[in-house]
Amino acid sequence: MEYTVVAQNRKARFDFHILETFEAGIVLTGTEIKSVRAGKANLREGYVRIDGGELWLVNVHISPYEQGTHYNHEPLRRRKLLMTRQEIRRLASKVQEKGLTLIPLRMYIKESRWAKIEIALAKGKQAHDKRDAVAERDANRDMARAVRRNREE
């Protein structure tokens with residue numbers, strides 16, 4: 001399957017332990033999908049809320065469409081996510097567990113047609129976990145440099 005990534009939430013993997021990922025469709029207006037296709041979406045502060053048996057994408061900024069008229073959309077409005085009722089119930093039961101949340105990881109256009117979002121069931125990292133992740137990343141970078149130097153010699 002072919003898809004084009006429009007927006008990524010890179011900070012999510014640093015701030016959260018990702019337990020599971022899911023794909024959901026997004027209900028967008030005409031000007032929103034045009035902005036998304038132009039890559040004008042920001043997932044950084046976004047999260048997913050379960051309200052009345054439905055999934056809602058909250059606090060995700062999709063810039064107003066530049067050629068839009070007075071029919072342009074509100075940039076930070078709540079957007080409905082599309083998943084099966086069974087998947088939503090399963091997610092709702094897991095989110096009620098202590099410390100688990102739903103966050104958007106990336107938004108993409110699938111098969112040059114459908115806007116989709118990858119959401120993750122995640123648990124927040126503590127400060128010491130973040131320091132460990134930075135130390136591990138630095139160690140991996142140093143090892144990769146050493147391997148490259150040895151190949152060059």
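In this predicted model, the largest nonpolar core holds 27 residues, and Leu-55, Leu-81, Met-83, Met-107, Ile-117 and Ile-119 touch the most other members. Several elements each give two or more residues to this core. They are strand 1, strand 2 (16-26), helix 2, strand 5 (54-58), helix 3 (85-95), strand 8 and strand 9 (114-124). A second, separate core has five residues, among them Ala-12, Leu-105, Ala-120 and Ala-122.

**Met-107 and Val-5**

What does Met-107 touch, beyond residues up to four places away in sequence? Its partners are Thr-4, Val-5, Val-6, Ala-7, Ile-26, Val-36, Ala-41, Leu-43, Val-60, Lys-116 and Ile-117. Val-5, one of these partners, is found in strand 1. With neighbours within four places in sequence set aside, Val-5 is in contact with Arg-106, Met-107 and Tyr-108. Val-5 and Arg-37 are 32 residues apart along the chain, and their C-alpha atoms are separated by 9.5 Å.

**Aromatic rings**

How many aromatic pairs does a search of the whole structure find? It finds one. The pair is Tyr-3 with Tyr-108, whose ring centres are 5.0 Å apart. Their planes meet at 50 degrees, so the pair counts as tilted; the tilted class runs between the stacked limit of 30 degrees and the edge-to-face limit of 60. Tyr-3 lies in strand 1 (residues 3-8) and Tyr-108 in strand 8 (residues 100-110). The pair therefore ties together parts that are 105 residues apart in sequence.

Another ring has a charged partner. Arg-78 lies over the face of Trp-56, at 4.4 Å from the ring centre.

**Glu-32**

Is Glu-32 buried or exposed? Glu-32 counts as buried because its relative accessibility is 0%, and buried means under 20%. Glu-32 is found in helix 2 (residues 30-37). Leaving out neighbours within four places in sequence, its contacts are Val-27, Ile-62, His-73, Glu-74, Arg-77 and Arg-79.

**Accessibility values**

The table gathers the values for residues discussed above.

| Residue | Relative accessibility | Class |
|---|---|---|
| Glu-32 | 0% | buried |
| Tyr-108 | 5% | buried |
| Val-5 | 39% | partly exposed |
| Tyr-3 | 40% | partly exposed |

Within the aromatic pair, Tyr-108 is buried at 5%, whereas Tyr-3 is partly exposed at 40%. Val-5, in contact with Tyr-108, is partly exposed at 39%.

Notes
Residues are numbered from 1 along each chain as its sequence is written. This is a predicted model: local features need pLDDT of at least 70, side-chain atom pairs count only at pLDDT 80 or more; totals for chains, interfaces and linings use all residues. Side-chain values use heavy atoms; hydrogens and water are left out. Helices (H or I, at least four residues) and strands (E, at least two) are DSSP runs, numbered from the N terminus. Buried means under 20% relative accessible area, exposed over 50%, partly exposed in between (1.4 Å probe, protein chains only). Contact means heavy atoms within 4.5 Å. Rings of Phe, Tyr and Trp (its six-membered ring) pair if their centres lie within 6.5 Å; planes under 30 degrees apart count as stacked, over 60 as edge-to-face and the rest as tilted. A charge sits over a ring if NZ of Lys or CZ of Arg is within 6 Å of the ring centre and within 35 degrees of the ring normal. A nonpolar core is a set of buried Ala, Val, Leu, Ile, Met, Phe, Trp, Tyr and Cys residues joined through side-chain atoms within 4.5 Å.
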